[in-house]
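The paragraphs below lead a new reader through one protein, from the whole chain down to a few chosen residues. It may help to keep the sequence and the structure in view while reading.

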Amino acid sequence: MISLISFIFLILCVLVSVAFFTLLERKILGYIHIRKGPNKVGFLGIFQPFGDALKLFSKEMSFMFYMNMLLYVFSSMVSLILMLLFWFLYKWSYNQILIDYGLIFLLCVSSLSVYVILLGGWASNSKYSLLGAYRGVAQVISYEVSFSFLIVILIFLCGSYNMMKIANFQEYWMIILGFFNLFILWMVTCFAETNRSPFDLSEGESELVSGFNIEYGSWNFAVLFMAEYGNIILMSVVTSNLFFGYMGFLYLNVIILMMLFIMIRGTLVRYRYDKLMMLSWKVILPYSILMIFFICFLKIVIMSINCILFSMNMDF
């Protein structure tokens, strides 16, 4: 019961963090564009997220004539539930719900996000939302494969599925210092998995007008919005644990990674769709497979050297 209460408190903190993350994004994008961000509602616009939430949750919900009402609402709620399930992976100090196979849990939950995009685009019964859903599903499935292989590399390297043990593995040396190339591939895959710029092809305003969620408004849009930003925060936390361990300052690393998501949105242009697919299948996937063989070879060499040194010590 205490663990459940702790998790509920964590969820409340995540939802508040999502609100202020949107404010941070609008402020940083304002500085990037040399314009003012939110600065009217409260001191320096600090109450702007709560004003937006009040506006969205009080707006009237639109009802299209041919929409599938049940799946339309269900898909937005599932996106929020999946985002909250991700946070079982977060490490807190008191009465934590321990997951030994945390990385497998991460893969299972992230793979279900495909159904949110597909059901949301189909249930709206709009050709623009359906095209956005097709593109989003193809993108997420393509990068899910590379995402899985990158996780397998970290599992082989650290010898555990548990995120805490992977963080403890980096007690004296951070993985990012030895495998910076993996960190770059991981970040590219995270951008594609969370549908963020420059890989937000499922939204493509010029041709799809916001993609699969074009018909979503009112509280349904707010729920999808909260799920997207909650996933970004979670990916920043997971990245900090997997590549920085406990050596760095966890919360500082998370804030820097969140700002990286925002600054890349404000600087890089959107990829062309065929180049997006080519990057996944012809660059990241072959390279990650080669890295798996390299890590296996490296561990075999290290174990052989340890065995030789141990036998030499036994002879002495």
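A residue is called buried here when its relative accessible area is under 20%, exposed when that area is over 50%, and partly exposed in between. With that cut-off in hand, phenylalanine 243, at 1% relative accessibility, counts as buried, and the text will return to this residue once the surroundings have been described. The model is a predicted one.

Taken as a whole, the protein contains 13 helices and zero strands, and read along the sequence its pattern is α-α-α-α-α-α-α-α-α-α-α-α-α. Its radius of gyration is 21 Å, close to the 20 Å that the globule rule gives for 316 residues, so the protein is as compact as a globular protein of that length. Along the principal axes, the C-alpha atoms fill a box of roughly 85 × 45 × 40 Å. Of the 316 residues, 47% are buried, while the area that the protein exposes comes to about 16800 Å², with carbon and sulfur atoms supplying 73% of it. Among the contacts between residues at least 6 apart in sequence, 79% join residues that are at least 24 apart. As for charge, the protein carries 18 positive and 15 negative side chains, and the centres of these two sets lie 8 Å apart.

Two of the helices deserve a slower look, and α9 comes before α11 in the sequence. Helix α9 covers residues 180–193, and its 14 residues should span 20 Å at 1.5 Å a residue, which agrees with the 20 Å between its end C-alpha atoms. Eleven of those 14 residues are buried, so α9 is largely enclosed by the rest of the structure. Among the buried residues of α9 are Leu182, Phe183, Trp186 and Met187, and the list also includes Thr189, Cys190 and Glu193.

Leucine 182 offers one view of how α9 is placed, since this residue belongs to that helix and, at 2% relative accessibility, counts as buried. Leaving out residues up to four places away in sequence, leucine 182 touches Leu150, Ile153, Phe243 and Met291. Leucine 182 and isoleucine 153 are 29 residues apart in sequence, and their C-alpha atoms are 8.9 Å apart in space.

Helix α11, which runs over residues 218–243, has 26 residues and reaches 38 Å from its first C-alpha to its last, close to the 38 Å expected at 1.5 Å a residue. This helix is mostly covered, with 22 of its 26 residues buried. Phenylalanine 243, the residue mentioned at the outset, is found in α11. When neighbours within four places in sequence are set aside, phenylalanine 243 is in contact with Leu154, Gln170, Met174, Ile175, Ile176, Leu182, Phe183 and Trp186. Three of these names, Leu182, Phe183 and Trp186, also appear among the buried residues of α9, and the contact between phenylalanine 243 and leucine 182 is one that could be read from either partner. In another direction along the chain, methionine 258 lies 15 residues from phenylalanine 243, with 15 Å between their C-alpha atoms.

The stretches between helices can be read in a similar way. Asparagine 213 sits in the loop between α10 (205–208) and α11, and at 11% relative accessibility it counts as buried. Not counting residues up to four places away in sequence, asparagine 213 touches Phe221 and Leu224.

A last set of details concerns the backbone angle phi. Most residues other than glycine have a negative phi. Asparagine 125 has a positive phi of about 55° although it is not a glycine; asparagine 125 lies in the loop between α5 (113–123) and α6 (127–158) and is partly exposed, with a relative accessible area of 49%. Asparagine 195 likewise has a positive phi of about 55° without being a glycine, and this residue comes just after α9, in the loop between α9 and α10. Asparagine 195 is buried, with a relative accessible area of 11%. After α11, by contrast, comes a glycine, residue 245, whose phi is positive and near 65°.

Technical notes:
Residues are numbered from 1 along each chain as its sequence is written. This is a predicted model: local features need pLDDT of at least 70, side-chain atom pairs count only at pLDDT 80 or more; totals for chains, interfaces and linings use all residues. Side-chain values use heavy atoms; hydrogens and water are left out. Helices (H or I, at least four residues) and strands (E, at least two) are DSSP runs, numbered from the N terminus. The expected span of a helix is 1.5 Å times one less than its number of residues. Buried means under 20% relative accessible area, exposed over 50%, partly exposed in between (1.4 Å probe, protein chains only). The radius of gyration is taken over C-alpha atoms; the globule rule is 2.2 Å times the number of residues to the power 0.38. Contact means heavy atoms within 4.5 Å. Accessible areas come from the Shrake-Rupley method with a 1.4 Å probe; for residues, only the protein chains shown count as cover. Lys and Arg count as positive and Asp and Glu as negative; His and the chain ends are not counted. The place of a charge is taken as NZ of Lys, CZ of Arg, CG of Asp or CD of Glu.
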